[in-house]
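User: I'd like to learn how to read a structure like this one. Could you walk me through a few features?

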Amino acid sequence: MVSAIDDPTPALHPSTAGLRSESYAVDVPNDEARSPPPPPANNASATETPGQPPQRRGFFSRPRVVITLLIVFSVLSFAAISLGISYLLLSPKNPRLSISKIMVTHPWANQPLVLISLNAQNPNNRVGVYYETGGTAALSYKNKTVATGLFPTFFQGKKGSRAVGLVLRAAKKKMPRQVRNSILNTTTKLPLSLNLTMNVPVRMKIWTTKIWIEELMFDCKFKVNTLSNSSRIANQRCPIVATPK
């Protein structure tokens with residue numbers, strides 16, 4: 001009887017006897033094995049640092065905007081300098097006003113109308129004058145207001161004169177006795193010393209451009225032989241006394 005040959009392999013543990021150890025080999029391409037995982041998808045650009053808001057360029061940092069603003073500023077500066085030089089070279093003079101005639105209509109009414117004819121003169125050869133809205137006029141006798149109204153709006157060309165009409169309405173308070181007597185008395189002339197104050201905003205026109213507004217105050221002192229239909233102006237002076245603020 002042949003004796004059994006001893007097997008040098010140790011006996012398997014009963015708990016692992018039924019298990020088999022298996023291993024698998026997976027081939028991975030070299031480029032995929034070395035490249036890092038892709039970043040999470042978002043709207044930020046690849047050059048922005050994570051965790052910081054995207055940088056936006058300011059409005060004035062754009063070259064086109066800066067160039068446009070410089071051009072506009074240069075044009076406005078050139079226009080302003082040109083107007084200033086033209087104003088100095090032309091040396092525009094203020095207009096002149098004088099009274100031609102004065103009369104009162106509806107003398108028996110509570111508030112009669114005072115009609116005053118003016119002569120407006122523009123002494124400038126190359127400058128026109130705009131009489132702007134907002135002008136006022138007041139007729140007074142011994143510092144007592146007789147009538148008030150608005151100064152008309154019109155344009156006067158270079159080197160010329162034109163007739164201007166003022167329509168003033170008598171004040172509601174009682175008219176001075178001397179003034180009323182001069183209005184109602186048509187047979188005897190009763191001379192009066194009156195004062196006509198006019199605040200007139202004017203604007204000069206150099207070529208095709210209007211320049212700033214200047215408000216002029218005319219203080220006309222004159223004598224009139226009567227306030228009836230046949231009036232005559234004497235001893236008249238209408239200087240510009242001030243520029244109201």
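Analyst: Sure. Keep in mind that this is a predicted model. Let's start with a helix and its surroundings: what covers the buried residues of α3 includes β1 (96-105), β4 (136-141), β5 (144-150) and β8 (192-206).

User: Which residues of helix α3 are the buried ones?

Analyst: Helix α3 spans residues 177-184, and its buried residues are V179, S182 and I183.

User: How do those buried residues fall when seen down the axis of α3?

Analyst: The general idea first: an α-helix has 3.6 residues a turn, so residues three or four places apart point the same way. In this case, the buried residues of α3 fall within an arc of 100 degrees, so they line one face of the helix.

User: Next, disulfides. How many does the structure hold?

Analyst: In general, a disulfide is a covalent bond between the sulfur atoms of two cysteines. Here there is one disulfide. It joins C220 to C238, with an S to S distance of 2.1 Å. The pair links distant parts of the chain, 18 residues apart: C220 sits in strand β9 (residues 209-224), while C238 is in the loop between β10 (233-237) and β11 (240-242).

User: Is that disulfide right-handed or left-handed, and why?

Analyst: Look at the torsion about the S-S bond: for C220 and C238 it is about 130 degrees, so the disulfide is right-handed.

User: And is C238 buried or exposed?

Analyst: C238 is buried, because its relative accessible area is 18% and the cut-off for buried is under 20%. C220 is buried too, with a relative accessible area of 0%.

User: What about aromatic pairs: how many does a search of the whole structure find?

Analyst: The search finds four. One to look at is Y131 with F154: the ring centres are 4.2 Å apart and the planes are at 20 degrees, so the pair is stacked. Y131 lies in strand β3 (residues 127-131) and F154 in strand β6 (residues 154-156), so the pair ties together parts that are 23 residues apart in sequence. Both Y131 and F154 are buried, and together with F151 they form one aromatic cluster.

User: Last one: which elements have the lowest and highest mean pLDDT?

Analyst: Helix α1 (residues 30-34) has the lowest, at 53, and β4 the highest, at 96. Across the protein chain the mean is 76, and 65% of residues reach 70 or more. Over residues 1-5, pLDDT stays under 50, and the model has zero contacts for them beyond four places in sequence. Residues 12-19 are also below 50, with one contact in the model beyond near neighbours in sequence.

Conventions: Residues are numbered from 1 along each chain as its sequence is written. This is a predicted model: local features need pLDDT of at least 70, side-chain atom pairs count only at pLDDT 80 or more; totals for chains, interfaces and linings use all residues. Side-chain values use heavy atoms; hydrogens and water are left out. A disulfide is a pair of cysteine sulfur atoms within 2.5 Å. Helices (H or I, at least four residues) and strands (E, at least two) are DSSP runs, numbered from the N terminus. Buried means under 20% relative accessible area, exposed over 50%, partly exposed in between (1.4 Å probe, protein chains only). The arc is that of the directions from the helix axis to the C-beta atoms. Contact means heavy atoms within 4.5 Å. Rings of Phe, Tyr and Trp (its six-membered ring) pair if their centres lie within 6.5 Å; planes under 30 degrees apart count as stacked, over 60 as edge-to-face and the rest as tilted. pLDDT is the predictor's confidence in each residue, from 0 to 100.
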